[in-house]
Amino acid sequence: MKHVGFTQMKDGSAEDYAFLTEHEVAYTRGTAARLLKALVALDESLSGYQVTRLGHSLQSATRAWRDGADTDWVASALLHDIGDIYAPYNHDEYAATILRPFVREQCTWVVEKHGDFQMVYYGHHVGADPHKRDKYTGHPYFDDCAAFCERWDQASFDPGYDTLPLDHFAPMVEEVFDRTPYDPAVLRKGQREPLVTTPR
Ligand SMILES: [Fe+2]
Ligand SMILES: [Fe+2]
């Protein structure tokens, strides 16, 4: 079989769908490689800062890695702004959607809300609510998101910082997207890992 026989999904056979599933599994294995390519594309986005979006992403991941954070955190720091390419108005939700099946719930939540938490640094300059994050007060991951933004996100626009290259992080991204999607042992709902452990 080179392709399915149907032209409308409702007419497909079990063989058609078995054939498609095989293709989907093969395609899914390339997710990490496609994300790494997309990160490079981020290099061309959003000018005006002293670092590119790729530079910012790498710097965030480098700071996470140097803080001794685990692989889920480092991959989340690296990919937290990946949504800038296609979803400039909800880039945080977009990135969280990509990460959700493959990293701890704690990290997905932080990536999803980081846009609201970042407002504390510049909302007052752009007519937005700097206290947007206050609606999450009391949430178990509130402090994690505040620390993520303070240590890794808002701090990572420095062209003089010794940022590690994408190659350094590629194996971590591959490891994360090679996991079984939505594995409860990966999502570890409600469990928190520290952002800062032993500095590397
Ligand atoms: Fe962001
Ligand atoms: Fe960011």
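**Figure 1. Helices H4 and H6 run roughly parallel to each other in this predicted model.** The two helices pack at an angle of about 20°, and their axes are 10 Å apart. An angle under 35 degrees counts as roughly parallel, so H4 and H6 earn that description. The crossing of H4 past H6 is right-handed. On the H4 side, look for Asp-72, Trp-73 and Ser-76; their partners in H6 are Cys-107, Val-110 and Val-111. By class, this contact of H4 with H6 holds 4 nonpolar, 1 polar and 1 charged residues. If you wonder about the spacing of such residues, recall that an α-helix has 3.6 residues a turn, so positions three or four places apart point the same way.

**Figure 2. Here H4 meets H8, and the two helices are roughly perpendicular.** Their axes come within 10 Å and cross at roughly 105°. That value falls in the range of 65 to 115 degrees, which means that H4 counts as roughly perpendicular to H8. H4 brings Thr-71, Val-74, Ala-75 and Leu-78 to the contact, while H8 brings Phe-169, Met-172, Val-173, Glu-175 and Val-176. Sorted by class, the residues of the H4 and H8 contact are 7 nonpolar, 1 polar and 1 charged.

**Figure 3. This view is centred on H4, a helix largely enclosed by the rest of the structure.** Why does H4 count as largely enclosed? Of its 9 residues, 8 are buried. They are Asp-72, Trp-73, Val-74, Ala-75, Ser-76, Ala-77, Leu-78 and Leu-79. The elements that cover these buried residues of H4 include helix H2 (31–41), H3, H5, H6, H7 and H8. Two residues from the earlier views are worth finding again: Trp-73 is among those that meet H6, and Val-74 takes part in the contact with H8.

**Figure 4. Helix H5 (residues 91–99) also has buried residues.** Which residues of H5 are buried? They are His-91, Asp-92, Tyr-94, Ala-95, Ala-96 and Leu-99. Their cover includes helix H4 (71–79) and helix H6 (105–122). In turn, H5 is one of the elements covering the buried residues of H4.

**Figure 5. Helix H3 (residues 53–66) packs against H7 at an angle of about 110°.** The axes of this pair lie 9 Å apart, and the angle makes H3 roughly perpendicular to H7. Ser-60, Arg-63 and Ala-64 of H3 meet Arg-151, Trp-152 and Asp-153 of H7. The classes in this contact of H3 with H7 are 2 nonpolar, 1 polar and 3 charged.

**Figure 6. Asp-162 sits in the loop between helix H7 (142–153) and helix H8 (166–177).** Is Asp-162 buried or exposed? It has 8 C-beta neighbours inside 10 Å and therefore counts as exposed. For a sense of scale, pick Phe-177 as a second point: Asp-162 and Phe-177 are 15 residues apart in sequence, and their C-alpha atoms are 27 Å apart in space.

**Figure 7. Tyr-182 and Arg-188 both have a positive phi.** Most residues other than glycine have a negative phi. Tyr-182 is not a glycine, yet its phi is about 60°. Find Tyr-182 in the loop between H8 and helix H9 (184–187); with 10 other C-beta atoms within 10 Å, it is exposed. Arg-188, also a residue other than glycine, has a phi near 40°. Arg-188 belongs to the segment after H9 and counts as partly exposed, because 16 C-beta neighbours lie inside 10 Å.

**Figure 8. The final view takes in the span that an unreviewed UniProt entry annotates as "domain: HD", residues 54–118.** This span is 69% helix and 0% strand, and its end C-alpha atoms lie 18 Å apart. As for the whole chain, its secondary structure comes to 9 helices and 0 strands. The C-alpha trace spans about 55 × 40 × 35 Å along its principal axes, and 32% of the 200 residues count as buried. Taking contacts between residues at least 6 apart in sequence, 63% join residues at least 24 apart.

Terms used: Residues numbered from 1 in each chain as written. Chains lettered and ligands numbered in written order. Predicted model: local features only at pLDDT ≥ 70, side-chain atom pairs only at ≥ 80, totals over all residues. UniProt positions renumbered as here; feature names shortened; annotations may be inferred. Helix = DSSP H or I, 4+ residues; strand = E, 2+ residues; numbered from the N terminus. Buried ≥ 20, exposed ≤ 12 C-beta atoms within 10 Å, placed from the backbone. Contact = placed C-beta atoms within 7 Å. Axes fitted to C-alpha atoms, helices over the stretch in contact; angles between N-to-C directions. Parallel < 35°, antiparallel > 145°, perpendicular 65-115°, else oblique. Left-handed = near helix turned anticlockwise from the far one by under 90°. Nonpolar A, V, L, I, M, F, W, Y, C, P; charged D, E, K, R; others polar.
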